[in-house]
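Open the model in your viewer and keep the selection box handy. We will go from the overall fold to single side chains, one stop at a time.

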Amino acid sequence: MTENGQTPLYTPLGLLAELTHRCPLGCPYCSNPLALDSRERELHTSTWARVFAEAAALGVLQVHLSGGEPGARRDLIEIAAAAHAAGLYTNLITSAVGVTTRTLHRLAEAGLDHVQISIQDSERLSADRIAGYDGAFARKCALAAAVMELKIPLTINAVVHRANIDRIADMVALALKLGASRVEIAHVQYYGWALKNRTALMPTAEQAVRAVELVEELRRRHRGAIVIDAVLPDYYARLPKPCVGGWGRRSLNVTPAGKVLPCHAAESIPGLEFWSVDEHSLDDIWRNSPAFNAFRGTAWMQEPCRSCARREIDFGGCRCQAFALTGDARATDPVCYLAPTHAAVAALAAVQDDGPYAYRRM
C-alpha cells in the first residue's frame with residue numbers, strides 16, 4: 001500500500017468482528033472493555049455485510065466472528081454467510097454456550113471455515129467455576145464433537161492463570177481428545193477486567209518458568225499431531241511481545257457498535273479518536289483514522305525504544321499495557337528489561353492472593 005507520511009502503510013490481513021458483548025459466561029479475565037456495548041447499539045446485519053466487503057477490498061483475508069458470545073446474535077447465520085460471500089476465511093470464536101448443534105450445521109452450510117472453542121480447564125468442576133457457569137465444560141465438549149462430525153477444523157483456546165497453569169499438559173491432551181488441530185496456550189493479559197482479578201489470577205514465577213519449559217516439551221511430544229501456540233506470561237518476560245504485530249500494521253477490530261480499533265483493548269487508552277463504520281469506509285479508517293496513526297511506525301517512541309535495535313521487531317511492546325502500568329501510552333512497555341519502570345512489573349507479579357474472583361456479568 002501507499003506511504004502514510006513517513007510510515008509505511010501495510011495491508012491488513014485479519015479482521016476481528018466483535019458481533020456482541022453479550023456473553024453467558026463470567027470469566028474473571030474477560031478481555032472485553034470495561035464499558036460494554038448494549039444490544040441496542042449493535043451493528044445491523046447489512047452493515048456487517050458491507051464491512052466484510054470493504055475488508056476484502058482492503059486486502060483482509062480472514063475474519064474472526066467473536067464477542068462476547070457470537071451465538072447471542074439471532075442473525076449469526078446471515079452474518080457468517082455475508083463474510084463467506086465476501087471471500088473471507090471465516091472463523092467462529094465461541095464459548096460454545098449459546099451455539100447449538102443445529103446452529104452449527106446451518107453455519108457450515110453458510111460457509112463457515114473454522115471454529116475456535118475456549119476452555120477454562122481440563123477438569124469439569126474447575127472449568128465451570130472459572131467460567132462462572134455450571135455446565136459450560138460439558139457444552140464445550142459437545143460442540144467440539146459436533147464440529148468434528150462436520151469435519152470443520154477446530155482450535156482450542158486455553159486461557160492460563162494460577163488456577164490451571166499446572167494442568168497445561170492435561171489441557172493439551174483434552175484438545176487432542178476433542179480432535180483439535182491446534183491449541184493456543186494463552187496466558188492472561190492483565191488489562192481491562194483482568195486487572196480487577198490480577199492478584200487472584202497471577203501465577204508464581206516458578207509456575208511460569210515450568211509452563212514455558214513444559215510447552216516446549218509438549219511441542220516435541222506431539223509434533224505432527226497438533227500445533228501448540230503459546231502466548232508467554234508478560235509479567236515474567238524479559239522482552240515485550242510485538243502486540244498485534246505492530247499497531248495498525250496487520251489487523252483491525254470492529255466493536256459491536258461499529259468503532260474500529262487497532263487492537264482489542266485500544267479503548268483502554270484515553271484520548272484516542274476512534275472512527276466508526278457508520279461514518280467512514282474501512283479503507284478511510286485504515287489509512288486516516290487518528291487512532292490507527294497514533295502509534296504507527298517509530299516516530300512516537302521514547303527512549304530507550306527510539307534507539308533500540310528491536311524497535312522494528314517488538315514495536316515498543318503493548319501500548320495498552322504501557323498505559324495500564326505507567327499512565328503513559330508512549331512509554332516503553334514495562335515488561336521490557338530496558339524499561340525504566342521494569343522493576344514495578346516484578347513487584348506486581350509477586351502479589352498473589354486466593355480471594356474470590358470478580359466475575360464479569362452484563
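The tour starts with the whole chain and then moves to cysteines, salt bridges and a surface patch.

**Whole chain.** Keep in mind that this is a predicted model. Show it as a cartoon and you should find 12 helices and 11 strands. Viewed along the principal axes, the C-alpha atoms fill a box of roughly 55 × 50 × 40 Å. The radius of gyration is 20 Å, in agreement with the value near 21 Å for a compact globule of 362 residues. Colour by accessibility next: buried residues account for 52% of the chain. Of the contacts with a separation of 6 or more, 72% join residues 24 or more positions apart. Switch to a surface view, and about 15300 Å² is exposed, 53% of it from carbon and sulfur atoms.

**Cysteines.** Select C23, C27 and C30. Why is there no bond from C27 to C23? The C27 sulfur is 6.3 Å from the one in C23, its closest cysteine sulfur, and that is too far for a bond. C30 also has its closest cysteine sulfur in C23, at 6.9 Å, again too far. Both side chains belong to buried residues: C27 has a relative accessible area of 13%, and C30 has 16%. The structure holds 0 disulfides.

**Salt bridges.** There are 16 of them in the structure. Begin with R162 and D354, whose closest N and O atoms are 3.1 Å apart. R162 sits in the loop between β7 and α6 while D354 is in the segment after α12, so this pair ties together parts 192 residues apart in sequence. R162 is buried at 16% relative accessibility, whereas D354 is exposed at 75%.

Now select D166 and R210, which meet in a salt bridge at 3.4 Å, N to O. D166 is in the loop between β7 and α6, and R210 is in helix α8, 44 residues away. D166 is exposed at 52%; R210 is partly exposed at 45%.

Stay on helix α8 for R221 and E217, paired at 2.5 Å between their closest N and O atoms. They are 4 residues apart in that helix, about one helical turn. Then pick R22, E42, R73 and D75, which salt bridges with shared partners join into one network.

**Surface patch.** For the last stop, select L239, Y337 and L338, which make a nonpolar patch of about 250 Å². Y337 lies in the loop between α11 and α12 and is partly exposed, at 37% relative accessibility.

Terms used. Residues numbered from 1 in each chain as written. Predicted model: local features only at pLDDT ≥ 70, side-chain atom pairs only at ≥ 80, totals over all residues. Heavy atoms only, no water. Patch = residues over 30% accessible without salt bridge, like charges linked within 9 Å, V, L, I, M, F, W, Y side chains within 5 Å. Areas by Shrake-Rupley, 256 points an atom, 1.4 Å probe, with all protein chains shown as cover. Salt bridge = Lys/Arg side-chain N within 4 Å of Asp/Glu carboxyl O. Helix = DSSP H or I, 4+ residues; strand = E, 2+ residues; numbered from the N terminus. Buried < 20%, exposed > 50% of the residue type's maximum accessible area, 1.4 Å probe, protein only. Rg over C-alpha atoms; globule rule 2.2 N^0.38 Å. Contact = heavy atoms within 4.5 Å. Disulfide = S-S within 2.5 Å.
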